[in-house]
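Subject: Structure handover

Hello,

Here is the structure for you to look over. My notes on it follow below.

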Amino acid sequence: GKPQARNISFIQEGVALDVAQGAVDQGFLEKTFVGKVKFWDEGALFGFISCPEVSSMYHRDVFLSFYHAEELREAGGLFIGADVRFTIAFQNGPGKPQARTVLWLSGDSDHQLP
C-alpha cells in the first residue's frame with residue numbers, strides 16, 4: 001500500500017498544534033497573557049490587543065471580537081491603552097490568536113468577560 005500520515009502535529013515556536021483539528025495544546029490555552037488594547041473599531045465591533053509574548057510567537061496582534069469585549073465596554077475598560085489579561089483560542093486556524101476570558105486590569109480590581 002501507500003503510506004499515509006495520521007495524527008500529524010507540528011511545533012510552532014514551542015506550541016504543539018494539532019494540524020488536523022487546528023487545536024492548541026490544552027496547557028497553552030489555559031495560559032494567561034497581559035497586553036494592551038491597541039485598536040477598537042466601534043462601528044465594526046472588533047479590535048486588537050497588543051501583547052509582546054503572543055506577538056513573538058505569531059507575529060501578529062490578538063484579535064478581540066465584540067462578543068468577548070461586550071462587558072469590557074460596559075465596565076469602561078475598552079479604550080486604547082487599557083491593560084488587559086486574557087487567554088487565547090484559535091478558531092480561525094493555527095497562528096491566528098483570538099482573545100478569550102478577557103480581564104480589565106483596572107488598578108485594584110479585575111472585570112471579567114464571558
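Contact here means heavy atoms within 4.5 Å. With that cut-off, and leaving aside neighbours within four places in sequence, R100 is in contact with H68, F86, T87, I88, A89 and Q91. R100 is found in strand β8. R100 is also buried, with a relative accessible area of 14%. One caution before the rest: the model is predicted.

**Overall fold**

The chain has three helices and nine strands. Read from the N terminus, the elements run β-β-β-α-β-β-α-β-α-β-β-β. There are 114 residues in the chain, and 35% of them count as buried. Take the contacts with a separation of 6 or more: 49% of them come from residues 24 or more positions apart. The accessible surface of the chain is about 6800 Å². Carbon and sulfur atoms hold 50% of that surface.

**The core**

The largest nonpolar core has 21 residues. L64 and F86 have the most contacts inside this core. Six elements are listed as giving it two or more residues: β4 (33-41), α2 (52-58), β6 (62-65), α3 (66-74), β7 (83-89) and β8 (98-106).

What does L64 touch, leaving aside its neighbours within four places in sequence? The partners are W40, F46, G47, F48, I49, A69, L78, A99 and V102. F86, also named for its contacts inside the core, appears again among the partners of R100.

**Helix α3**

Look at α3 next. Its buried residues are H68, A69 and L72. They cover an arc of only 80° around the axis, so they lie on the same side of α3. Which strands do these buried residues pack against? They pack against β4, β6, β7 and β8. Two of the three turn up in the contact lists above: A69 is a partner of L64, and H68 is a partner of R100.

E71 is found in α3 too. E71 is partly exposed, at 37% relative accessible area. E71 and L103 are 32 residues apart in sequence. In space, their C-alpha atoms are 9.6 Å apart. After α3 comes G76, whose phi is positive, near 85°.

**Aromatic rings**

A search of the whole structure finds eight aromatic pairs. Two are worth describing here. The rings of F39 and F48 have their centres 6.4 Å apart and their planes at 35°, so this pair is tilted. The rings of F46 and F48 have their centres 5.9 Å apart and their planes at 90°, so that pair is edge-to-face.

Are these rings buried or partly exposed? F39 is partly exposed, with a relative accessible area of 36%. F48 is partly exposed, with a value of 27%. F46 counts as partly exposed at 25%. F39, F46 and F48 form one aromatic cluster together with F63. F46 and F48 are also on the contact list of L64.

There is a charge over a ring as well. The charged end of K31 sits over the ring of F33, 5.2 Å from its centre.

**Backbone points to check**

Most residues other than glycine have a negative phi. Two residues here go the other way. L45 has a positive phi, near 60°. L45 has its place in the loop between β4 and β5 (46-50). L45 counts as partly exposed, at 29% relative accessibility.

T101 is not a glycine either, yet its phi is positive, about 45°. T101 lies in strand β8. T101 is partly exposed, with a relative accessible area of 33%. R100, in the same strand β8, is buried.

**In short**

The 21 residues of the largest nonpolar core draw on elements that include α3 and β8. The buried residues of α3 pack against strands that include β8. The aromatic cluster takes in F39, F46, F48 and F63.

Best wishes

Technical notes. Residues are numbered from 1 along each chain as its sequence is written. This is a predicted model: local features need pLDDT of at least 70, side-chain atom pairs count only at pLDDT 80 or more; totals for chains, interfaces and linings use all residues. Side-chain values use heavy atoms; hydrogens and water are left out. A nonpolar core is a set of buried Ala, Val, Leu, Ile, Met, Phe, Trp, Tyr and Cys residues joined through side-chain atoms within 4.5 Å. Buried means under 20% relative accessible area, exposed over 50%, partly exposed in between (1.4 Å probe, protein chains only). Helices (H or I, at least four residues) and strands (E, at least two) are DSSP runs, numbered from the N terminus. The arc is that of the directions from the helix axis to the C-beta atoms. Rings of Phe, Tyr and Trp (its six-membered ring) pair if their centres lie within 6.5 Å; planes under 30 degrees apart count as stacked, over 60 as edge-to-face and the rest as tilted. A charge sits over a ring if NZ of Lys or CZ of Arg is within 6 Å of the ring centre and within 35 degrees of the ring normal. Accessible areas come from the Shrake-Rupley method with a 1.4 Å probe; for residues, only the protein chains shown count as cover.
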